[in-house]
Amino acid sequence: MSEQIRVMIAEDHSMIRDGLKQLLELEPDIKVIAGCSDGRMAVEKYKEANPDVILMDINMPVKNGLEALEEIRAFDPNARAVMLTIHQDRDYLLKALEIGALGYILKDADASALIEAVRSVYEGQTYIQPIMARELVNEYKRIKSGADDPRNQLTDRETEVLKLLSKGMLNKEIANVLFISEKTVKNHISSIFRKLNVQDRTQAAVYAIKNRIVD
């Protein structure tokens, strides 16, 4: 790698792009070698300039920053990017990390945070602004708790209905066993189908057996 960190800035607002360039080049170890205003140009410029780090805005015309980074990393799996965004949103963060971004920082971050992000990513390290890092912690907790597991979305009554349905009982029979109306059973079954993403009673029963909801 070169003595200076060679940075490319992809940002559609020229004033912001110029401001970022001036800010970064106050640091003796950072040099901005290219700039562009849309995602398609970012892909082309990357191939021409081969920067050490891309500072990439997410919201850009023609091709957004996430799409551009995906294309750049298909061309060069070692491409290192810091995503610059106004979005304090977990989905954007997770998508950026999934594509391969190493940095994620908000546009209202302090200059010191931006510079630290560029240097960290240059070294192959991950830099996520602390306020966004909390979103990753929350996502981990959500996954750990099994919140995405359809089984955990069923109510106790829906689980009871699913068990009886899986034994081949008709709505009327389920209603008699649980002392509820057939209409209520039908509503429960519609909810079960939706939560388990199945289309009919057979698929629901197979799901229940595979996931040991029913003996």
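Two strands count as paired if DSSP finds at least two bridges between them. In this predicted model, strand 4 and strand 5 clear that bar with four bridges, running in the parallel sense.

Zooming out, those strands belong to an open sheet of six, ordered 2-1-3-4-5-6 with parallel pairing. Strand 2 and strand 6 (127-128) sit at the edges, each pairing on one side only. A couple of helices pack on this sheet, as the table shows.

| Helix | Strands touched | Angle between directions |
|---|---|---|
| Helix 2 | strand 1, strand 2 and strand 3 | about 135 degrees with strand 2 |
| Helix 3 | strand 3 and strand 4 | about 150 degrees with strand 3 |

Now for Met83. Its bridge partner in strand 5 is Tyr104. Leaving aside neighbours within four places in sequence, Met83 is in contact with residues including Met56, Leu69, Ala96 and Tyr104. The largest nonpolar core has 27 residues, and Met83 and Tyr104 are among those touching the most other members, along with Ala42, Ile54, Met56, Leu69 and Ile72. Elements giving two or more residues to this core include helix 2 (39-49), helix 3 (65-75), strand 4 (81-85) and strand 5 (103-106). There's also a second, separate core of 22 residues, with Val7, Ile30, Val32 and Ile115 among them.

Over in helix 7 (residues 156-166) you'll find Ser166. Ser166 has a relative accessible area of 17%, so it counts as buried, the cut-off being under 20%. A polar atom of its side chain lies 2.7 Å from the backbone oxygen of Leu162. Beyond its neighbours within four places in sequence, Ser166 is in contact with Ala204, Ala205, Ala208 and Val214.

Key. Residues are numbered from 1 along each chain as its sequence is written. This is a predicted model: local features need pLDDT of at least 70, side-chain atom pairs count only at pLDDT 80 or more; totals for chains, interfaces and linings use all residues. Side-chain values use heavy atoms; hydrogens and water are left out. A nonpolar core is a set of buried Ala, Val, Leu, Ile, Met, Phe, Trp, Tyr and Cys residues joined through side-chain atoms within 4.5 Å. Buried means under 20% relative accessible area, exposed over 50%, partly exposed in between (1.4 Å probe, protein chains only). Contact means heavy atoms within 4.5 Å. A polar contact is a pair of N or O atoms within 3.5 Å; within protein, one must be able to donate a hydrogen and the other to accept it, and residues adjacent in sequence count only if both atoms are side-chain atoms. Axes are lines fitted to C-alpha atoms, for helices over the stretch in contact, and angles run from 0 to 180 degrees between N-to-C directions.
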